[in-house]
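Me: I have a structure to go through with you. I want the reasoning behind each label, kept short.

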Amino acid sequence: MENIPPKQAYQILLEDPSAQLIDVRTDAEWAFVGLPDLSEAGKQTVLIPWQNFPTMAVNDTFLAQLQASGANPGDPLLFICRSGARSACAALAAEAAGFGPTYNVSEGFEGPVDPHGHRGALAGWKADRLPWRQR
């Protein structure tokens, strides 16, 4: 697994037709925070939670859902979450299962918290002004 910043991830998604973005956040995050918009690349973000809300237990069907999404060994898979932690775990699990190459979007969708405890301004997909939308 390789850690890459959001802008590099977006460039891979634009340039490689087989590359997929797997968003491993929860349903609540997708609904209330927003989603990466890959329409310029002619793609949709694949939504598979790494952990199930509200218990945050690891999704024991994650790899089966990944396979069902159409991901194939050899396809570049880019994983994103809020800050890059859950997506790193998901990318490592996918790689161990034979998928990949795998990439972790290291700053995630919202990045770290700022001095006021808010996310989205310092780093991440949103802070880099990459395309996104509300669900």
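Me: How do you know how many disulfides there are?
Reply: This is a predicted model, and its count comes to zero disulfides. The rule asks for two cysteine sulfur atoms within 2.5 Å. For Cys81, the nearest cysteine sulfur is that of Cys89, 8.5 Å away. The cut-off is 2.5 Å, so Cys81 is in no disulfide. Cys89 has the sulfur of Cys81 as its nearest, at 8.5 Å, and is in no disulfide either.

Me: Why is Cys81 called buried?
Reply: Its relative accessible area is 1%. Buried means under 20%, so the label holds for Cys81.

Me: What makes Cys89 partly exposed?
Reply: Cys89 has a relative accessible area of 41%. Partly exposed runs between 20% and 50%, therefore Cys89 gets that label.

Me: Which peptide bond leading into Pro54 is cis, and where does Pro54 lie?
Reply: The bond from Phe53 to Pro54 is cis, with omega near 10 degrees. Pro54 sits in the loop between strand E5 (51–52) and strand E6 (57–58).

Me: What is notable about phi at Met56, and why is Met56 called partly exposed?
Reply: Phi is positive, about 65 degrees, although Met56 is not a glycine. Met56 too lies in the loop between E5 and E6. Its relative accessible area is 30%, between 20% and 50%, so Met56 counts as partly exposed.

Me: Why does Arg129 count as exposed?
Reply: Arg129 has 78% relative accessibility. Exposed means over 50%, so Arg129 qualifies. Its place is in the loop between E8 and strand E9 (132–133). Phi of Arg129 is positive, near 60 degrees.

Terms used
Residues numbered from 1 in each chain as written. Predicted model: local features only at pLDDT ≥ 70, side-chain atom pairs only at ≥ 80, totals over all residues. Heavy atoms only, no water. Buried < 20%, exposed > 50% of the residue type's maximum accessible area, 1.4 Å probe, protein only. Helix = DSSP H or I, 4+ residues; strand = E, 2+ residues; numbered from the N terminus.
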